[in-house]
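Open the model in your viewer and keep the sequence panel beside it. The tour below goes from one selection to the next.

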Amino acid sequence: MNIPNNLEVIDLQQLAPLAYRVGTYYTHDQLVAEIETPTTFESFFSWYLKNDKFRKFSDIEESLQFHEVIDNFRQYDSDESGTLDIDELAKLYYDQDYEYTRDQLAEELKKLDLDGNGEIELEEWLVSRGY
Ligand SMILES: [Ca+2]
Ligand SMILES: [Ca+2]
């Protein structure tokens, strides 16, 4: 994805992946509620700095762990859709030495998939890690 220059107008379609890239874990609907679109990169960024959710962690260690969980999620979201599908989840578990059958994997996905849309959003992943 190209990072737009500061005053370039960004529309709703670009907003969600951008927010995801910089580390907010707002859902699409929350973004729509929060930010008037179309917006500019500059105003998006000042919104982001003002609302940085990571600031809720007073402890550096805790904040780093939180970032690690997010990085991990992103690393396995290979198509950058903002969600983990069953194949991406399979790779993640495989790399962590879990030996799940396809059925167990489907079960696991069902457990994590709180809104039941068949994929794991970052929010759902965070919940599963205790956030
Ligand atoms: Ca994905
Ligand atoms: Ca889901």
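Start by selecting Asp113. In this predicted model, Asp113 has 19 other C-beta atoms within 10 Å, and because a residue counts as buried only from 20 or more, Asp113 is partly exposed. Look along the chain on either side: Asp113 sits in the loop that joins helix H6 (102-112) to strand S4 (120-121). Which residues does Asp113 touch, not counting residues up to four places away in sequence? Show Gly118, Glu119, Ile120 and Glu124, which are its contacts. Now add Trp125, which is 12 residues from Asp113 in sequence. The C-alpha atoms of Asp113 and Trp125 are 8.5 Å apart in space.

Stay on Trp125 and display its own contacts. Leaving aside neighbours within four places in sequence, Trp125 is in contact with Phe73, Leu84 and Ile120. Ile120 is therefore a residue to keep on display, as both Asp113 and Trp125 touch Ile120, given that contact means C-beta atoms within 7 Å.

Next, select the largest nonpolar core. Its eight residues are Phe66, Ile70, Phe73, Leu84, Leu89, Ile120, Leu122 and Trp125. Colour helix H4 (60-76) and helix H7 (122-128), each of which supplies at least two residues of this core. H4 gives the largest share, with three residues.

While H7 is coloured, pick Leu126, another residue of that helix. How many C-beta neighbours does Leu126 have inside 10 Å? There are 15, so Leu126 counts as partly exposed. Then draw a distance from Leu126 to Leu112, which lies 14 residues away along the chain. Their C-alpha atoms are separated by 9.9 Å.

Move on to a pair of helices. Select helix H5 (residues 86-95) together with H6, and turn the view until both axes can be followed. The two helices pack at an angle of about 105°, and their axes are 10 Å apart. At what angle class does that place them? Angles of 65 to 115 degrees count as roughly perpendicular, so H5 and H6 are roughly perpendicular to each other. To see where they meet, show Ile86, Leu89, Ala90 and Tyr93 on the H5 side. On the H6 side, show Leu105, Ala106 and Leu109. By class, this contact has seven nonpolar residues, with no polar and no charged ones. Leu89 of H5 takes part in this contact and also belongs to the core selected earlier.

Two loop residues come next, picked for their backbone angles. Most residues other than glycine have a negative phi. Select Glu80, in the loop between H4 and strand S3 (83-84). Glu80 is not a glycine, yet its phi is positive, about 50°. It has 11 C-beta neighbours inside 10 Å, so Glu80 counts as exposed. Then select Asp97, found in the loop between H5 and H6. Asp97 also has a positive phi, near 65°, in a residue other than glycine. With 6 C-beta neighbours inside 10 Å, Asp97 counts as exposed.

Finish by showing the whole protein. There are seven helices and four strands, and from the N terminus on they run β-α-α-β-α-α-β-α-α-β-α. Of the 131 residues, 14% count as buried. Among contacts with a separation of 6 or more, 53% are between residues 24 or more positions apart.

Technical notes: Residues numbered from 1 in each chain as written. Chains lettered and ligands numbered in written order. Predicted model: local features only at pLDDT ≥ 70, side-chain atom pairs only at ≥ 80, totals over all residues. Buried ≥ 20, exposed ≤ 12 C-beta atoms within 10 Å, placed from the backbone. Contact = placed C-beta atoms within 7 Å. Axes fitted to C-alpha atoms, helices over the stretch in contact; angles between N-to-C directions. Parallel < 35°, antiparallel > 145°, perpendicular 65-115°, else oblique. Nonpolar A, V, L, I, M, F, W, Y, C, P; charged D, E, K, R; others polar. Core = buried A, V, L, I, M, F, W, Y, C linked by C-beta atoms within 7 Å.
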